Amino acid sequence: MEVDLIHARALYYRLWHYLVVFVHNEELFKELQNLVAHLKDYPFNTQTAQAWQEIESFLGQGLESFKAEQNSVLFAPGEQFVPLSASYYLEGQDNGKKRLEAIALLKKSELQIESHTLSAPIAEDDLAFLTLMMNAFLKEMLANPHFFALHATLFKDFFHLCGDAFINAISTHQRSVCYKNCAIILSAFIQHERLFFNLV
């Protein structure tokens, strides 16, 4: 498997992570900006190329603008609800069977998933954790082929099943501006992943 492709896929999951974790300080915001600045040079098509330009322009307004939209779309009570856990999308409630499946997959990997982006503990089937786990699996796969099966299971049992619902939720949210463009990027990416795993 091409090393460059693995790296690129890992970066896209890292981007997805920054979109669902609370970007609360300038350090995290700068990391997001740098990631966008890199990935925008490799769009999937003309639609995603335009979306990247819109995202970069929005981020140019600064942390407070992004944080305000992120709060409105993902974290504000009383607004249109955007679930962040696989259990909620697939079972209608948090802390369901999908969390147990995510824990089992993590144990099988024998990895400790930690990140400076997580300011508080989160469930293993939260998208913020699942994207970190996929990023880690992809990096480990470069040295250990055992992780190919693990990352395939993670995609097929989680991202493939709930990714579209999350993308639709952020795309149709009444407060979504930057996130509408993020939805365009993630939609193209998840379709690319399905092609990779022969799921289309």
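**Entry 1. His17**

I began with the surroundings of His17 in this predicted model. Leaving out residues up to four places away in sequence, I listed Ser115, Thr117, Leu118, Ala128, Thr131 and Leu132 as the residues that His17 touches. His17 lies in helix α1. I then asked whether His17 is buried or exposed. Its relative accessible area is 0%, so I entered His17 as buried.

Two members of the contact list also appear in polar contacts of the His17 side chain. A polar atom of that side chain lies 2.8 Å from the backbone oxygen of Ala128. The side chain of Thr131 is joined to the side chain of His17 by a polar contact of 3.3 Å.

**Entry 2. Aromatic pairs**

I next looked up the ring pairs. How many aromatic pairs does the rule give? I noted a count of 16, with ring centres within 6.5 Å as the criterion. For Tyr13 and Trp16 the ring centres are 6.4 Å apart and the planes stand at 5°; I recorded the pair as stacked, because planes under 30 degrees apart count as such.

Tyr13 and Trp16 are both residues of helix α1, which spans residues 3–20. They are three residues apart, about one turn of the helix. Tyr13 has 0% relative accessibility and therefore counts as buried. Trp16 is likewise buried, its relative accessible area being 0%.

I set a second pair beside it. The rings of Phe196 and Phe197 have centres 4.9 Å apart and planes at 85°, so I entered this pair as edge-to-face. The cut-off behind that entry is an angle over 60 degrees. I also checked the accessibility of both residues. Phe196, at 23% relative accessibility, counts as partly exposed, whereas Phe197, at 8%, counts as buried. The dividing value is 20%.

Which residues form one aromatic cluster with Tyr13 and Trp16? I listed Tyr12, Phe44, Trp52, Phe159, Phe166 and Phe189 as the other members.

**Entry 3. Charges over rings**

I then turned to charged side chains placed over ring faces. Arg9 lies over the face of Phe196, 4.0 Å from the ring centre. Phe196 is thus entered twice in this notebook, since its ring also pairs edge-to-face with that of Phe197. Lys98 lies over the face of Phe158, at 4.5 Å from the ring centre.

**Entry 4. Lys98**

I followed Lys98 further. Where is Lys98 placed? I found it in helix α6, residues 97–109. With a relative accessible area of 8%, Lys98 is buried. Its side chain makes a polar contact of 2.7 Å with the side chain of Glu101.

Beyond four places in sequence, I recorded that Lys98 touches Ala86, Ser87, Leu90, Glu91, Asp125, Asp157, Phe158 and Leu161. This list includes Phe158, the residue whose ring face lies under Lys98. I also took one C-alpha to C-alpha distance: Lys98 and Gln191 are 22 Å apart in space and 93 residues apart in sequence.

**Entry 5. Lys156**

For another lysine, I looked up Lys156, which has its place in helix α8, residues 146–172. At 35% relative accessibility, Lys156 counts as partly exposed. With neighbours within four places in sequence set aside, Lys156 is in contact with Leu161, Phe197 and Leu199. Leu161 also stands in the contact list of Lys98, and Phe197 is a member of the edge-to-face pair in Entry 2. From Lys156 to Tyr42 I recorded 25 Å, C-alpha to C-alpha, at a sequence separation of 114 residues.

**Entry 6. The whole protein**

I closed with the overall values. The protein has nine helices and zero strands, and its pattern along the sequence reads α-α-α-α-α-α-α-α-α. The radius of gyration is 16 Å, close to the 16 Å that the globule rule gives for 200 residues; I therefore noted the protein as being as compact as a globular protein of that length. Along the principal axes, its C-alpha atoms fill a box of roughly 45 × 35 × 35 Å.

I recorded that 49% of the 200 residues count as buried. The accessible surface comes to about 9600 Å², and carbon and sulfur atoms hold 51% of it. Among contacts with a separation of 6 or more, 71% are between residues 24 or more positions apart.

Notes. Residues are numbered from 1 along each chain as its sequence is written. This is a predicted model: local features need pLDDT of at least 70, side-chain atom pairs count only at pLDDT 80 or more; totals for chains, interfaces and linings use all residues. Side-chain values use heavy atoms; hydrogens and water are left out. Rings of Phe, Tyr and Trp (its six-membered ring) pair if their centres lie within 6.5 Å; planes under 30 degrees apart count as stacked, over 60 as edge-to-face and the rest as tilted. Helices (H or I, at least four residues) and strands (E, at least two) are DSSP runs, numbered from the N terminus. Buried means under 20% relative accessible area, exposed over 50%, partly exposed in between (1.4 Å probe, protein chains only). A charge sits over a ring if NZ of Lys or CZ of Arg is within 6 Å of the ring centre and within 35 degrees of the ring normal. The radius of gyration is taken over C-alpha atoms; the globule rule is 2.2 Å times the number of residues to the power 0.38. Contact means heavy atoms within 4.5 Å. Accessible areas come from the Shrake-Rupley method with a 1.4 Å probe; for residues, only the protein chains shown count as cover. A polar contact is a pair of N or O atoms within 3.5 Å; within protein, one must be able to donate a hydrogen and the other to accept it, and residues adjacent in sequence count only if both atoms are side-chain atoms.
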